[in-house]
Amino acid sequence: MLHGYLPAIVEGLLTSLQVAVLSLAIACIFGLVGAAAKLSNSRAARVVVDVYTTLIRGIPELALMLMVFYGGQALLNYLVTKAGGDYIEVPAFTAGVLTIGFVFGAYMTETFRGAILAIPKGQMEAALSVGMSRIQVLQRITLPQMVRHAIPGFTNNWLIMIKATALVSIIGLDDMMQRAGLAAAATRQPLDFYLAVAAIYLAITTVSILLLSRVEKRFSLGVRKAEFK
Amino acid sequence: MIDWSVVVVSLPDFFSGLKVTLLLLAISLATGLLLSVPLAVARVSSIFWLAKPVWLYTYVIRGTPLLVQLFIIYYGFAQVEFIRESAAWNLFKEAWFCAWLAFAINTTAYTTEIIAGALRATPHGEIEAAKSLGMSSFNLYRRILLPSALRRALPQYSNEAVGMMHATAIASTVTLVDLTRVARDVYANHLATVEAFGTVAVFYFVLTFTLIGVFRLAERRWLKHLRPQTDAAPAIAVIAK
């Protein structure tokens, strides 16, 4: 199948999925920290995160990726050589994951912020008043309920992100897109390979939508939907 | 640390890149808007053979990366013999045409869903009232459904337009010299990271916020009736005169 290049494409798929999952983890961490900072009392923290989310959302992902890949490398080596170290080559995989995670962290920040704001304030006040610590409030009251409000935005971000992983081939990462390009060049059958890649992406997004809508149902048990009649 | 001479020397290139980016954006959005209105009407139709194909089209396009779609058109179609031997090949071998086609197909899918969503949000009473006056369904769409649905779609459409502007950066992968390609070339020629990517970031940033500003103005004009009316003072002032 696929002129014998199927195993190579599948290997590339695994790289793409690794990039997606690792960047998602980083994006969630950035998102949670960002949301916490945006809702905090510290003015400095709010300003820093505002600059972060505004800047990221004003520039294309591809341009940001090139910027972080080349710029991050230059900055790192500037610092390292200043400290007397040797030149370091940042692997494309690390650069790709960090960039996508950093970019989508900005989108996650907005999603999580909205989700936290959707929880009635009285609940947190009530929890504090019965003597829970702030960490306990977060762990027992805020986070479990936040998930339900965050899922639609989270699903959206994840779908955009999984599609954005196709861009990492441009900074030289050996992902599915790269493999398809190499196979296309070797066999002169580009249509077959790019159609296969499109089908694989469509399968990933379809499975994601199905799974996440089940998760949403699970977390929305006990919430009565508005009925339109 | 910043070598301003590199920035100054490459500014003309950045401006010609800006022209390419803007032109790509304009033709893609215009085509997308033109196609998505009839497609959205088909998408909400109760006729199966009208609604389902449009659903399939938006589902497939929205479920796959734009980069893959562009590569299928630019690299993939060259493999198909009847395209290569037809008159259309003169178009398909042009990167410009392929980018325009891919972007238009992509933004049409998203815009169709946005407008379809806005159509579905029409209050039932409006349709009933129009029908009770004996309006034909063509007039119903022309006078009632589309004018208010397109207005309702405006805020979401502004997101799509900004997203599309960002997506034009992908054109740099098929030999088009847009803003992103210029930045990569400047970086390659001068090895000046901050100068190359910092400048392009400023360009995109200004572009994003100009676009958002234009849509704010559009919303102020077409969604005027939805803004909260905080004070009735002007009306009284007019009467007092």
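Between chain B and chain A, the number of salt bridges is zero. The model is a predicted one. In this model, the two chains nevertheless share a contact, to which chain B gives 31 residues and chain A gives 33 residues. This briefing covers that interface and then one pocket.

**Area and polar contacts of the interface**

- The size of an interface is often expressed as the accessible area that is lost when the parts come together.
- Chain B and chain A bury about 2,800 Å² between them, and 78% of this area lies on carbon and sulfur atoms.
- On the side of chain B, the residues that lose the most area to chain A are B:Tyr59, B:Gln79 and B:Phe197, which together account for 19% of what that side buries.
- Nine residue pairs, both members at pLDDT 80 or more, are in polar contact across the interface of chain B and chain A.

**The side of chain B that touches chain A**

- At least two residues of this side come from each of α2 (48–62), α3 (66–74), α9 (179–190) and α10 (193–222) of chain B.
- The element that gives the most is α10(B), with seven residues.
- By class, this side of chain B holds 19 nonpolar, ten polar and two charged residues.

**The second largest pocket**

- The volume of the second largest pocket is about 760 Å³.
- Its lining comprises 21 residues, of which A:Leu39, A:Ile116, A:Met124, A:Arg134 and A:Leu138 are the closest to the centre.
- Two or more lining residues come from each of α1 (6–38), α4 (92–117), α5 (121–129) and α6 (134–164) of chain A.
- The largest share of the lining, seven residues, belongs to α6(A).
- The lining divides into 15 nonpolar, three polar and three charged residues.

Definitions and conventions
Residues numbered from 1 in each chain as written. Chains lettered and ligands numbered in written order. Predicted model: local features only at pLDDT ≥ 70, side-chain atom pairs only at ≥ 80, totals over all residues. Heavy atoms only, no water. Contact = heavy atoms within 4.5 Å. Buried area = accessible area lost by both parts, 1.4 Å probe. Salt bridge = Lys/Arg side-chain N within 4 Å of Asp/Glu carboxyl O. Polar contact = N/O pair within 3.5 Å; in protein donor to acceptor, adjacent residues only side chain to side chain. Helix = DSSP H or I, 4+ residues; strand = E, 2+ residues; numbered from the N terminus. Nonpolar A, V, L, I, M, F, W, Y, C, P; charged D, E, K, R; others polar. 1 Å grid on protein atoms, 1.4 Å probe; cavity = no way out; pocket = protein on both sides within 12 Å on 5 of 7 lines; lining within 4 Å. Points joined across faces, edges and corners; volume = space filled by probe spheres on them.
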